[in-house]
Amino acid sequence: MSEQTLPRWDMTTIYPSIESPEFTKAFDAMVAGIGELEEMCQRHGVRRRAEPEVDAAFAAAYDEVTGRLNALLETLGTLWSYVLCHTSTDATDEAAQARESLLHAHYVRVEQLLTRYAAWVGSSDAEALIAASPVAAAHAYAVRRARVEFEHQMSEPEEELAASLAPSSISAWARLHSNATALLTATVRVRGEDQRLPMSKVRALATDPDREVRRAAYEAELRAWESLSVPLAAAMNGVKGYQNTLRRRRGWTDDVEPTLFHNGIDRQTLDAMQGACIEAFGDFRRYLRAKARALGLEKLAWYDLLAPVGSAARTYTWNEAEAFVRDNFVRYSQKMAVFAERAFRERWVDAEPRVGKEGGAYCTDIRGDESRVMMNFDGSFSSVSTLAHELGHAYHNLCLAPRTPIQRSTPSTLAETASIFCETLAFNAALDAASPEERITLLDTSLEGSTQVVVDIHSRFLFEQRTFARRAERDLTIAELRETMLQAQREAYGDAVDPLHADMWAVKGHYYGPTFYNYPYTFGLLFGLGLYARYREDPDGFKARYDELLGSTGMADAIELGQRFGVDVRSGDFWRASLDVVRAQIDAFCALVA
């Protein structure tokens, strides 16, 4: 694979550059739009109401304010995504960093308006408003959720203060993590040669077939994280302290409860899912031990988790990755294949690892039905799967494009629906056509991902839960953060992996942003697998409803959307059935290894 062939995305179709007159004009119009919305909210008395009655005048005011709010959020979303695409791929871009800081400052005013808007709507009679206003009827899910938001608000001055402090507190800590880790490098000895590599490439060496290279990369990575441990521990304590304080002031019973609301599920659903996952840990450990045997090892080390297995392990050029995704998407539908081709043709993907670029991958909607995908392609099948996964997010955005921004507000639990489906679609198509030698490689790649999303993410949940509890009393030391991480990993992986990775708390940016941005991935994987099983049972009937489901993920909760496909997410039986898909892969892998 030649690095020169890896694409960088084309952002010039949105604005010529971050310093262009076109971007400046759009930015200035957004700022003016915030002022206009503030004036409108003042004129209509948008804040908590003393009486819940809804009359024609209130319904008309709701329609006007909601229309203006949606328009502002549309513009703001494009600007946010455009700036994010610059800052996440070049931590040295000072112009983009400055614009990001300005956006944070202006967004404080938007957050304050959103808080007042939620109180205004939430303190009204929701059903009367929905009956009186077609706009409210189209936003019925958001109207009803506003009541819960209102009930968990602090006073208006307190909410305004919290929003004002965010850019210099929680958001600043998150930017510190993002910028510091994007610029982090490490010296790794690769086949007799010392190489200074960005962290994204260091971590990519976890897939190298040479165990000594993997070990060297792991050890170099730990040394690099050690160099950032002091500022990142401060960032972790700052973020969790801020979130913990606001959670208590807003009257949530614990640190998980507000995330259940924002993720569109309830405690019963989370408990059912996590219970099924814990039951399955023995099966995952069986896979990990079989992988160790396949690699000729007594036990896997952390740096062996992503090691390639099987004689058919291969690398892909970028053109081969594109062809793989396109050819397997077309097996589902021509629409999905045409969409993938458009993404490649219009250069939506930035795939090249480089210094200053963040690790990992993401997809962001940017304008209308357009998205942008950031990833770090290393030629492995895992990278090809990541490409299919992120294009699944982009396809989801395509289905959401006709909705308003409020209607598109998809919780993290449902945001993984299309990505997991597309990843599974590509994987199963490849598996069906694979030789026995290729099957072991494909199965291992799929099980690596499932292990990360079920086992490792449970360890992240345990770590975050315990960190919140201890941070309520005082700051955690670096040693405590590491021990908490190790203990959580031991509980999830058991004795199947040693040594572990004590600094994963520093690696994962999710800890420095939304709370518990971990279990939604598990939900997404298993919900996606469950939907894929429905697709295999009735392909034509599924296709007729699937795009409608994707276009509705901001307009109903996971419980209701699941019911449309005969899925009860509150039942452990559904989650066990989804995990049975993974168990079947584990059985097949173990048989091939034996």
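Student: In this structure, are Y332 and Y546 buried or exposed?

Tutor: In this predicted model, Y332 is buried, and Y546 is buried as well. Residues count as buried when their relative accessible area is under 20%.

Student: How should I read the pair that these two rings form, and what kind of pair is it?

Tutor: In general, a pair of aromatic rings is described by two things, the distance of the centres and the angle of the planes. For Y332 and Y546 the centres lie 6.3 Å apart and the planes stand at 80°, so the pair is edge-to-face. Y332 belongs to the loop between helix 13 (318-329) and helix 14 (334-345), while Y546 belongs to helix 22 (residues 539-550), so the pair ties together parts that are 214 residues apart in sequence.

Student: Which residues do ring pairs link into a cluster with Y332 and Y546?

Tutor: The cluster linked by ring pairs contains Y332, F421, Y532, Y535, F542, Y546 and F565. The ring of Y332 also has a charge over it, since the charged end of K543 sits there, 5.3 Å from the ring centre. An arrangement of this kind is found for R49 too, whose charged end sits over the ring of F58 at 3.9 Å from its centre.

Student: How many aromatic pairs does a search of the whole structure find?

Tutor: The search finds 40 aromatic pairs. One of them joins Y15 and F23, whose ring centres are 5.4 Å apart and whose planes meet at 85°, so this pair is edge-to-face. Both partners can be read for burial in turn: Y15 is buried with a relative accessible area of 11%, and F23 counts as buried at 0%.

Student: Turning to helices, at what angle do helix 12 and helix 19 pack, and how far apart are their axes?

Tutor: Helix 12 (residues 267-294) and helix 19 (residues 478-493) pack at about 90°, and their axes are 9 Å apart. Angles of 65 to 115 degrees count as roughly perpendicular, which means that helix 12 is roughly perpendicular to helix 19.

Student: Which residues make that contact, and how do they divide into nonpolar, polar and charged?

Tutor: Helix 12 contributes F281, R285 and L288, and helix 19 contributes E491, A492 and Y493. The residues of this contact divide into 4 nonpolar and 2 charged, with no polar ones.

Student: How do I read the surroundings of a single residue, for instance what does L184 touch?

Tutor: It helps to take place, burial and contacts in turn. L184 is placed in the loop between helix 8 (170-182) and strand 1 (185-190), and at 8% relative accessibility it counts as buried. Setting aside residues up to four places away in sequence, L184 touches L197, P198, M199, A224, W225, S227 and L228.

Student: Where does R342 lie, and what does R342 touch?

Tutor: R342 lies in helix 14, and it counts as buried at 18% relative accessibility. Apart from residues up to four places away in sequence, R342 touches W348, D369 and E370.

Student: Where is F427 found, and which residues is F427 in contact with?

Tutor: F427 is found in helix 17 (residues 417-432), and it is buried, with a relative accessible area of 5%. Leaving out neighbours within four places in sequence, F427 is in contact with F381, L442, L443, S446 and Q585. A separation along the chain can also be set beside a distance in space: the C-alpha atoms of F427 and Q153, 274 residues apart along the chain, are separated by 44 Å.

Technical notes. Residues numbered from 1 in each chain as written. Predicted model: local features only at pLDDT ≥ 70, side-chain atom pairs only at ≥ 80, totals over all residues. Heavy atoms only, no water. Axes fitted to C-alpha atoms, helices over the stretch in contact; angles between N-to-C directions. Helix = DSSP H or I, 4+ residues; strand = E, 2+ residues; numbered from the N terminus. Parallel < 35°, antiparallel > 145°, perpendicular 65-115°, else oblique. Contact = heavy atoms within 4.5 Å. Nonpolar A, V, L, I, M, F, W, Y, C, P; charged D, E, K, R; others polar. Phe/Tyr/Trp six-rings, centres within 6.5 Å; stacked < 30°, edge-to-face > 60°. Buried < 20%, exposed > 50% of the residue type's maximum accessible area, 1.4 Å probe, protein only. Lys NZ or Arg CZ within 6 Å of the ring centre and 35° of its normal.
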